[in-house]
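Student: Could you take me closely through one part of this model, the place where aromatic rings pair with one another, and explain how each pair is classified?

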Amino acid sequence: MHSFLTLSRAILFVTVTSVSASSFFSVPLTKFAPPNSYLAGLPDADRARAAVLKSFTCGGPKTVLASNLAYSYYTISVGVGSPPTYYNLIVDTGSSNTFVGTGTPYVKTSTSIFTHEKVNVTYHTGYFRGLEYLDRVTLAPGFVITNQSIGDALSYADFEGVDGVIGVGPVGLTEGSLSTNVNELVPTVMDNALSQGLITKEILGISFAPATSYNDTNGALTYGGIDSSLYTGEITYIPVTTTFPASAFWGINVTHATYGSATTVIPKSTAGIVDTGTTQIVLADDFFESYMNAIPGAKLNKTAGLMYIPETSVSKIQPLNFTIGGTAQLIPIGQNAAWGLPTNEQYGVVTHMGANSGEGLDFIIGQKFMERYYAVFDTDNNRVGLALYVSFFPLYLIFSSG
C-alpha cells in the first residue's frame with residue numbers, strides 16, 4: 001500500500017469535456033513520518049502491490065483536507081463511533097474495505113454493532129484480519145455515515161504509523177473479504193454516503209500536492225463532486241477499461257507512450273490503473289526497459305529498486321508522453337536520505353513492475369503522478385478524470401488525450 005517518488009515538472013495538453021463544481025466540503029489529508037528505513041522498501045512494495053492487483057479475481061459535495069505521510073501516501077482523519085474516536089487512515093483507491101486498529105485500537109461505543117463476520121483483506125506487502133462491525137463514521141463535521149462496515153484489525157502487517165485504511169475503490173473489490181458471506185459485497189463509504197443522502201453523486205475528487213516536509217497537510221478529498229478551485233483548465237475523462245484485471249479497479253487504457261519524440265515506451269493500447277495506494281509510476285518490465293535504455297547511463301539500482309540517472313543526463317531528461325496520462329521523472333535529491341540512497345546521486349520516479357506487459361494490468365499511475373494532477377473517480381459514469389493541478393507550473397510532462 002505504500003511506495004514513493006516525487007516528480008519534477010510537467011506540461012498538460014488535453015482536449016476534453018469541461019465541468020464545474022457546485023457547493024463542496026473539503027477534508028484535510030496528512031502526511032506521516034515513519035523511520036527513514038521505511039521508505040527504502042517502497043519500490044519493492046510498489047512491485048508487490050502491482051502483483052496483488054494483477055491477481056484480482058473478480059447531499060452536496062464535501063471536501064476534507066488530507067496529509068502527505070513521509071512522501072509516501074496520503075491520510076485523512078476519520079471518526080468512528082459515538083462519541084467518535086479519530087483515526088489516521090490511508091486514502092486508498094486500490095481497495096474498498098475500511099478498517100482501523102493498526103495504531104489506535106478500535107474503541108467500541110453504543111453505535112458499534114458486531115455482524116458476527118470475520119474480515120480479511122490482503123494488500124501488496126501487508127494484510128489485516130479481524131472482526132466486522134457496523135458503526136457511525138464521521139468524515140467531516142455534519143457529514144456522518146451510519147451503519148458503515150468497519151474492520152477491527154486484530155492482526156495485521158505493514159501499517160506502521162497509521163491506524164488503518166479508508167477504501168474508496170470500486171465496491172467489487174470487497175468480494176471475498178467476509179468469512180461467511182464470501183460473495184457478499186460490502187458497501188463502501190462512498191456507497192453509503194450516496195444511499196443515505198449525504199451526497200447526490202457518487203464522485204470522489206482528489207487533490208494531492210508535492211510534499212515539502214515529512215508531514216504535510218497539502219491535499220484534499222471532495223466527497224460527492226469536484227472542487228473547481230483545485231485544478232486549472234478542463235478535466236479529461238477516460239472510461240474505465242474493459243480489460244481485466246485492470247477493469248476491477250480504477251483502470252484506464254493508454255494507447256501509446258513515448259520518451260521524447262523518438263523512443264516508444266508503450267507501443268500499443270494497454271490497460272493499467274490510477275491508484276492512490278501506490279506511490280511511484282510503475283511500468284511493465286519491457287516498457288520500463290525501453291524507457292531506461294533511452295536515458296544515457298541510466299541503470300537499475302537493484303538494491304534500492306530505483307533507476308539511477310547520471311548527473312550528465314539529468315539536464316537532458318526528455319518528456320515522458322502518454323496519450324492518456326504521464327509524469328515528471330526525478331526524485332528530488334534532497335529526499336534521497338529518506339530512501340536510503342546516496343545523497344549525491346539522482347534517481348528516477350518511474351520503476352518496473354516485475355513482469356512483462358500483456359497481462360491486463362501493465363502500468364500503475366501512483367500518488368506522485370496525482371501530486372501534479374487533480375483526479376476524479378466517477379462511479380456514476382464509470383470513468384476517471386484528470387486535470388492539471390491549479391498551483392503546478394508545468395515543464396516536463398506531456399499529457400494528451402488521444
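Tutor: What follows is a close look at one cluster of aromatic rings, with a little of the setting around it. The model is a predicted one, and its protein chain has seven helices and 27 strands, with buried residues making up 59% of the 402 residues. The structure holds twelve aromatic pairs, and ring pairs link Phe99, Tyr123, Phe128 and Phe159 into a cluster.

In the pair of Phe99 and Phe159, the ring centres are 5.3 Å apart and the planes stand at 80°, so the pair is edge-to-face, given that planes over 60 degrees apart count as such. This pair links distant parts of the chain, since Phe99 belongs to strand E6 (residues 99-100) while Phe159 lies in the loop between strand E9 (143-157) and strand E10 (164-167), 60 residues apart. Phe99 is buried, with a relative accessible area of 0%, and Phe159 also counts as buried, at 4% relative accessibility.

Phe159 has a further partner in Tyr123: their ring centres lie 5.6 Å apart and their planes are at 85°, so this pair, too, is edge-to-face. Here again distant parts of the chain are linked, with Tyr123 in the loop between strand E7 (113-122) and strand E8 (127-140) and Phe159 in the loop between E9 and E10, 36 residues apart. Both Tyr123 and Phe159 are buried.

Aromatic rings also meet charged groups in this model: the charged end of Arg129 sits over the ring of Tyr127, 4.4 Å from its centre, and Arg383 lies over the face of Tyr237, at 3.6 Å from the ring centre.

Conventions:
Residues numbered from 1 in each chain as written. Predicted model: local features only at pLDDT ≥ 70, side-chain atom pairs only at ≥ 80, totals over all residues. Heavy atoms only, no water. Helix = DSSP H or I, 4+ residues; strand = E, 2+ residues; numbered from the N terminus. Buried < 20%, exposed > 50% of the residue type's maximum accessible area, 1.4 Å probe, protein only. Phe/Tyr/Trp six-rings, centres within 6.5 Å; stacked < 30°, edge-to-face > 60°. Lys NZ or Arg CZ within 6 Å of the ring centre and 35° of its normal.
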